[in-house]
Every structure is written in structure tokens, then in C-alpha cells.
Amino acid sequence: MNTVKLTSSDKKFLRSQAHELEPKLRIGKNGLTQPVIDELNKKLAEFGLLKIKVLENKELQEDLVKEITEKANCEIVGRVGGVLILYRIGVKPLSTTYLK
């Protein structure tokens, strides 16, 4: 995982950028399978900032969030219910005023 950590203001900016996005990936009852990880990595490499929808079970969701950040080399910048906002540092350059 990247050693660069996002500040709270970085995350706030990214959440504002993701506000209009629709989830590009859905993770259902089968969980985080290898094809899902491959698709997640592909979308993160393409977009950098991504919304995904995960199953609603809270207990499984916590484990899934940790697994996603580890396997996809990204950070969670926001979460509302079953929708996660993911960002992979360094993929798409954003305004340097907001991200250092």
C-alpha cells in the first residue's frame, strides 16, 4: 500500500468530487472474488476515484472493506451505508492545491 496518507481535507475534497458519481462496481453475496478484484483494479487504474456498492450485512462489510483496501491498493475516503468511495493515490493527478 502507498506510504502517502490522505489528510482529512484531502478526503473531504475527494468526497466532493465523488458526489455526482454512480457506483461503477457492485459486490454481492459472493464477496470479493478474483474476477471482482481484477475489475476493481482495472476501474481504479482507469478512474482513480471510484464509488462501489457492497452488500448490506454490517459484519461482513467491515471485513470486506479491509480486504478491498489491501488487495486493491487504495484508500476509503468516504462511506455511506453500503456505498464506498475509493481512491488510489497517484493514479490521476488532482489539483495540487487540494492534494499534496
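Which strands does helix α1 (residues 8-18) lie across, and at what angle does it run to β3? The legends below take up this predicted model view by view.

**View 1. Helix α1 on the sheet.** Helix α1 spans residues 8-18 and crosses β2, β3 and β4. Its direction is at about 60° to β3. Helix α2 (residues 34-47) also packs on the sheet. Its contacts are with β1, β2 and β4, and it makes about 150° with the direction of β2.

**View 2. The open sheet.** Four strands line up in the order β1-β2-β4-β3. Pairing is mixed. The edges are β1 (25-27) and β3 (75-80); each has a single partner strand, so one side of each lacks a neighbour in the sheet. On average, neighbouring strands are turned by 30° against each other, direction ignored.

**View 3. The β2-β4 pairing.** Residues 49-54 form β2 and residues 83-87 form β4. The two strands pair in the antiparallel sense, over five bridges. One of the bridge partners is Tyr87 in β4, set against Leu49.

**View 4. Lys24 over Phe47.** The charged end of Lys24 sits over the ring of Phe47. It lies 4.8 Å from the ring centre. Aromatic pairs, with ring centres required to lie within 6.5 Å, number zero.

**View 5. The whole chain.** The protein has three helices and four strands. From the N terminus they run α-β-α-β-α-β-β. Of the 100 residues, 39% are buried. About 6300 Å² is exposed, with 53% of it from carbon and sulfur atoms. Among contacts between residues at least 6 apart in sequence, 68% join residues at least 24 apart.

Note on methods. Residues are numbered from 1 along each chain as its sequence is written. This is a predicted model: local features need pLDDT of at least 70, side-chain atom pairs count only at pLDDT 80 or more; totals for chains, interfaces and linings use all residues. Side-chain values use heavy atoms; hydrogens and water are left out. Rings of Phe, Tyr and Trp (its six-membered ring) pair if their centres lie within 6.5 Å; planes under 30 degrees apart count as stacked, over 60 as edge-to-face and the rest as tilted. A charge sits over a ring if NZ of Lys or CZ of Arg is within 6 Å of the ring centre and within 35 degrees of the ring normal. Two strands pair if DSSP finds at least two bridges between them. Axes are lines fitted to C-alpha atoms, for helices over the stretch in contact, and angles run from 0 to 180 degrees between N-to-C directions. Contact means heavy atoms within 4.5 Å. Buried means under 20% relative accessible area, exposed over 50%, partly exposed in between (1.4 Å probe, protein chains only). Accessible areas come from the Shrake-Rupley method with a 1.4 Å probe; for residues, only the protein chains shown count as cover.
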